[in-house]
Amino acid sequence: MSRSAHPAGPRHADVLPEGHYFAPPADLNALDPKVWARTVTRTDTGAVSVGGLDVGALAEEFGTPAYVLDESDFRARCRAWHQAFGGEADVFYAGKAFLSRAVVRWLHEEGLNLDVCSAGELATALAAGMPAERIALHGNNKSTEEIRRAVEAGVGRIVLDSFQEIVRVAHIAERLGKRQRVQIRVTVGVEAHTHEFIATAHEDQKFGIALAGGQAAEAVRRALKLDGLELIGIHSHIGSQIFDMAGFEVSARRVVQLLADIRDEHGVELPEIDLGGGLGIAYTSDDDPREPHEIAASLSSIVTRECQAAGLAVPRISVEPGRAIVGPTAFTLYEVGTVKVLEGLRTYVSVDGGMSDNIRTALYDAEYSVSLVSRASDAEPMLVRVVGKHCESGDIVVRDAFLPADVAPGDLIAVPATGAYCRSMASNYNHALRPPVVAVNDGAARVIVRRETEEDLMRLDVG
Ligand code: LLP
C-alpha cells in the first residue's frame with residue numbers, strides 16, 4: 001500500500017501518526033486476486049466464500065482463529081511449477097513453509113519432490129508416503145542422528161553445508177554400506193534485496209560454503225575423494241521473498257562457473273544444479289510477483305547461456321519454492337474482539353489470535369492486508385492496526401490497513417497470504433492454542449492439522 005506525504009497536508013483519518021498519508025483502496029469490499037486464494041469470492045450475501053463454502057459457516061464449524069487453505073489452489077500452484085520447466089527440472093517444495101501429511105500427499109500426487117530440514121520434517125514426509133528418493137535433506141547443523149535416518153531411509157540427496165558435514169555424511173554412509181547422493185551448498189556472495197534475516201547468500205552468515213577464497217572448490221575436492229559420497233551437484237539459495245531475478249542470475253552464473261572449474265580440475269561434469277527457493281508472493285496489492293513459467297524461462301535461459309559459454313552440457317536444474325506454492329493458498333480467519341479508537345492517533349482492532357499464529361509482522365516488519373469477510377459494508381474506510389491478544393505491544397498482525405469504519409466485535413476478518421511461515425512458525429506464547437489448518441476443496445472442508453487443546457499443553461507439562 002502506498003505511503004506518501006499527505007496531498008492535503010493536515011492530519012486526516014488516513015494519515016498515520018508517523019505523518020505518512022496512506023491511500024485507502026477504491027473498494028473495501030473488493031478482494032484482490034493477487035493476495036487471495038483462487039476460489040475466494042464475495043457472494044451475493046456480501047459474505048466471503050472459499051472453495052464454495054461460506055466463511056461464517058467455517059468459523060462456526062471450526063472456530064477462530066483458523067488457517068483456511070484452498071486445496072485446489074495449492075494443487076494448481078504445484079502443477080504450474082511442475083509444468084513451468086516443461087519437465088526439464090525438479091521442483092522440491094520447501095516443507096519449512098508449511099508441512100503436514102495431507103500436504104505431502106498432495107505434493108506426491110502432483111509430481112513434486114520435497115525439501116526437508118529436520119528429523120521432524122523427514123518423519124512427516126516418510127509417514128505420509130513420500131518416496132525417500134524424492135526427498136532432499138537440508139540444514140546447516142544436521143545432527144548425526146538426522147543424517148543417519150536420512151541415509152538409512154535412502155533420501156535422494158543431502159545438501160552438504162560445511163566441511164565437517166562432508167566427512168560426517170561420508171562416514172555415516174560408509175558405515176551403512178551406502179553411497180549417498182549429495183550436493184554442496186555454496187554461498188555465491190549475492191546481496192538479495194530482502195529482509196536481513198531471510199537473506200542467505202552474502203558471505204557473512206551461517207549457511208553454505210563460500211565460493212570466495214576457493215572454499216567451495218576445496219569442499220568439492222574433499223567430497224570427490226570420499227567413497228561414501230556421490231557428488232551430484234551444486235546448490236545455492238540466495239534468500240526469501242525476492243522479486244528481482246538479478247540475484248538469481250548472478251547466482252546461476254557463479255554456480256555454472258564453479259561447474260566449469262570442477263570440470264577443468266577434475267575432469268567431471270556434475271549433472272545437477274539447484275537454484276534454491278525464495279520467490280516472492282503478493283502480501284498486499286503493491287507486490288507484483290512473477291508467474292512460475294516466467295521464472296522458469298528466465299532461470300533456464302541464464303543457465304543454458306552460461307553453460308554454452310563455458311562449453312558445458314546443461315545440467316538438470318532443480319528449484320525449491322516454499323512460499324510461492326503455499327503462501328497465497330491460505331488466509332487466517334479471525335473474530336474481532338474489541339475496537340479501540342484512540343482519538344487523533346490510531347484505531348486498534350483486536351483479534352482472537354496474534355503473534356502466536358503470525359510472527360512475521362513482529363519479526364520481519366512484514367506487510368499484510370486484511371478484509372472484513374463476514375459481510376460487505378458501505379461504511380467509510382477507516383485506517384486501523386490489527387493486533388492480537390498477547391501481552392506484548394509488538395503483537396501486531398497488520399500494521400496499517402483499512403477496514404470499514406463500522407467494523408465491530410463479532411465480525412470476522414481475514415488476513416490473506418498466510419499459508420507460508422505462519423502455522424509453521426506458530427508458538428504457544430501465553431499458552432495460546434495453535435489454530436487448526438482447515439483445507440477446503442470443492443464444497444467440502446476438513447481439518448488437516450487440528451487445533452491444539454489444553455490437554456495438548458498439559459501433556460507436555462509433566463512437572
Ligand atoms: N531452500 C532453502 C535451502 C531454504 O533455506 C528455503 C527457505 C527455501 C528453499 C524456501 O524459501 P521460500 O521459497 O519459501 O522463500 N521464515 C521466513 C522465511 C525463511 C526461509 C528459510 N529458508 C519468512 O517467514 O519469511
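The following dialogue discusses how to read helix 5, strand 11 and the cysteines of a predicted model.

Trainee: Which residues of helix 5 are buried?

Mentor: Helix 5 spans residues 144-153, and its buried residues are E146, I147, A150 and V151.

Trainee: Why do these buried residues line one face of the helix?

Mentor: The general idea comes first. An α-helix has 3.6 residues a turn, so residues three or four places apart point the same way. In the present case, the view down the axis of helix 5 places its buried residues within an arc of 125°, so they line one face of the helix.

Trainee: What covers the buried residues of helix 5?

Mentor: The cover includes two helices, helix 4 (119-127) and helix 6 (163-175). It also includes strand 9 (135-137), strand 10 (157-160) and strand 11 (180-187). One further detail concerns the end of the helix: G154, just after helix 5, takes a positive phi of about 90°.

Trainee: Strand 11 appears in that list. How many of its eight residues are buried?

Mentor: Seven of the eight are buried, and strand 11 is thus described as mostly covered. As a general point, the side chains of a regular strand alternate between the two faces of the sheet.

Trainee: How does the chain cross from strand 10 to strand 11?

Mentor: The chain passes through helix 6 on its way, and this β-α-β crossover is right-handed. The two strands, 10 and 11, pair in the parallel sense over three bridges. Within this pairing, L160 has I184 of strand 11 as its bridge partner.

Trainee: With which strand does strand 11 share six bridges?

Mentor: That partner is strand 13, residues 229-235, which runs parallel to strand 11. Here Q183 stands opposite G233 of strand 13. Strand 11 also pairs with strand 12, residues 209-210, in the parallel sense over two bridges. In that pairing, T187 has A210 of strand 12 as its bridge partner.

Trainee: How many disulfides does a search of the whole structure find?

Mentor: The general idea is that a disulfide requires two cysteine sulfur atoms within 2.5 Å. In this structure the search finds zero disulfides. C78 illustrates the result: the nearest cysteine sulfur, that of C117, is 18 Å away.

Trainee: Why does C78 count as buried?

Mentor: The cut-off for buried is under 20% relative accessible area. C78 counts as buried because its relative accessibility is 0%. The reasoning also applies to C307, which counts as buried because its relative accessibility is 0%.

Key
Residues numbered from 1 in each chain as written. Predicted model: local features only at pLDDT ≥ 70, side-chain atom pairs only at ≥ 80, totals over all residues. Heavy atoms only, no water. Buried < 20%, exposed > 50% of the residue type's maximum accessible area, 1.4 Å probe, protein only. Helix = DSSP H or I, 4+ residues; strand = E, 2+ residues; numbered from the N terminus. Arc of directions from axis to C-beta. Contact = heavy atoms within 4.5 Å. Pairing = 2+ DSSP bridges. Right-handed = clockwise from strand over helix to strand, strands pointing away.
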